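Trainee: I'm new to this one and would like a close look at a single part, with enough of the surroundings to find my way. Could you start from the cysteines and work outwards?

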Amino acid sequence: PPTDTPTPTTTPTPVPVFLALSQVYAGGGSSTGFYKPDYAEILNRGTSAVNLSGYSLQYGSATGNFGSSATNIYVFGSVTLQPGQYYLVQLGALGTGGADLPVTPDATTTNLNMSAASGKTALANVATALGCGATATLCTLPDSRIVDLVSYGASNNGEGGTTVNNGVV
């Protein structure tokens, strides 16, 4: 009797995710900022759409952990970024000084009140606190949970304890 030849199955190759923090502004929320709110902007630099569901933005003070409190984390809902698309998130409390953002943000949260002088922001592919980034609990990079991070001022950046710009603002 004839035998059926099995049809080979193929395993799809995972598409790499190319998300980046294209901008982070931490001067809002005061009476002296250029803009009234803090904000972060994400860019999909890849060639495929990416759904941000379960991703988060996490803030850490200069020497603190990312997501050290519930108000230092913003978790994305089901938002799909197309290739080349930017996504602007207005963060924290509005300041009394400065201008409104020149464009309407895609999302707004009162979380992530960032220091204007020093701090760090991570785009993570998890919705829970990273639990690292402080001087005593550095993030070991590469960390598969951290998609991108931005450090500024005299912040440690979780990369072996080296301060950004050697501690110079």
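How many disulfides does the count come to?

Mentor: The count comes to 1 disulfide, where a disulfide is a pair of cysteine sulfur atoms within 2.5 Å. Before we zoom in, keep in mind that this is a predicted model: local features need pLDDT of at least 70 and side-chain atom pairs count only at pLDDT 80 or more, while totals for chains, interfaces and linings use all residues. Residues are numbered from 1 along each chain as its sequence is written, and side-chain values use heavy atoms, with hydrogens and water left out.

Now to the bond itself. Cys132 is joined to Cys139, with 2.2 Å from S to S. The torsion about that S-S bond is about 90°, so the disulfide is right-handed. Is each cysteine buried or exposed? Cys132 is buried, at a relative accessible area of 7%, and Cys139 is buried too, at 3%. Buried here means under 20% relative accessible area, exposed means over 50%, and partly exposed is anything in between (1.4 Å probe, protein chains only).

Let's step along to Gly133 and Ala134, because there's a chain crossing to see there: Gly64 is in contact with Lys120, Gly133 and Ala134, leaving aside its neighbours within four places in sequence. A contact means heavy atoms within 4.5 Å. The C-alpha atoms of Gly64 and Ala134 are separated by 4.0 Å, although the two residues are 70 apart along the chain. Gly64 counts as buried, with 12% relative accessibility, and you'll find Gly64 in the loop between β4 and β5.

That same loop between β4 and β5 also holds Asn72. Asn72 counts as buried at 13% relative accessibility. Its side chain makes a polar contact of 3.0 Å with the side chain of Ser68. For a polar contact you need a pair of N or O atoms within 3.5 Å; within protein, one must be able to donate a hydrogen and the other to accept it, and residues adjacent in sequence count only if both atoms are side-chain atoms. Not counting residues up to four places away in sequence, Asn72 touches Leu57, Gln58, Tyr59, Gly67 and Leu112.

What about the strands on either side of that loop? Strand β4 (residues 56–61) is joined to β5 by 3 bridges, and the two run antiparallel. Ser56, for instance, has Val75 in β5 as its bridge partner. Two strands are said to pair if DSSP finds at least two bridges between them. This pair belongs to an open sheet of 4 strands, in the order β5-β4-β9-β10, with antiparallel pairing. Its edge strands are β5 (73–75) and β10 (146–152), each pairing on one side only. From one strand to the next, the twist averages 10°; the axes behind that angle are lines fitted to C-alpha atoms (for helices, over the stretch in contact), and angles run from 0 to 180 degrees between N-to-C directions.

There's a second open sheet of 4 strands, ordered β1-β2-β7-β8, and its pairing is mixed. Here β1 and β8 are the edge strands, each pairing on one side only. Inside that sheet, β2 and β7 pair in the antiparallel sense over 6 bridges, with Leu43 matched to Tyr86 in β7.

Charged pairs come next. Side chains of opposite charge can pair when their charged atoms come close. The structure holds 2 salt bridges, each being a side-chain nitrogen of Lys or Arg within 4 Å of a carboxyl oxygen of Asp or Glu. One salt bridge joins the side chains of Asp100 and Lys36 at 3.5 Å, N to O. The two residues come from distant parts of the chain, 64 residues apart: Asp100 is in the loop between β7 (86–91) and β8 (107–108), and Lys36 is in the loop between β1 (19–25) and β2 (38–44). Lys36 counts as partly exposed, at 23% relative accessibility. Another salt bridge is between Arg145 and Asp143, at 2.8 Å, N to O. In that pair, Arg145 is partly exposed at 26%, while Asp143 is buried at 13%.

Finally, the overall picture. The protein has 0 helices and 10 strands, taken as DSSP runs numbered from the N terminus (helices H or I, at least four residues; strands E, at least two). Buried residues make up 44% of its 169 residues. Among contacts with a separation of 6 or more, 62% are between residues 24 or more positions apart.
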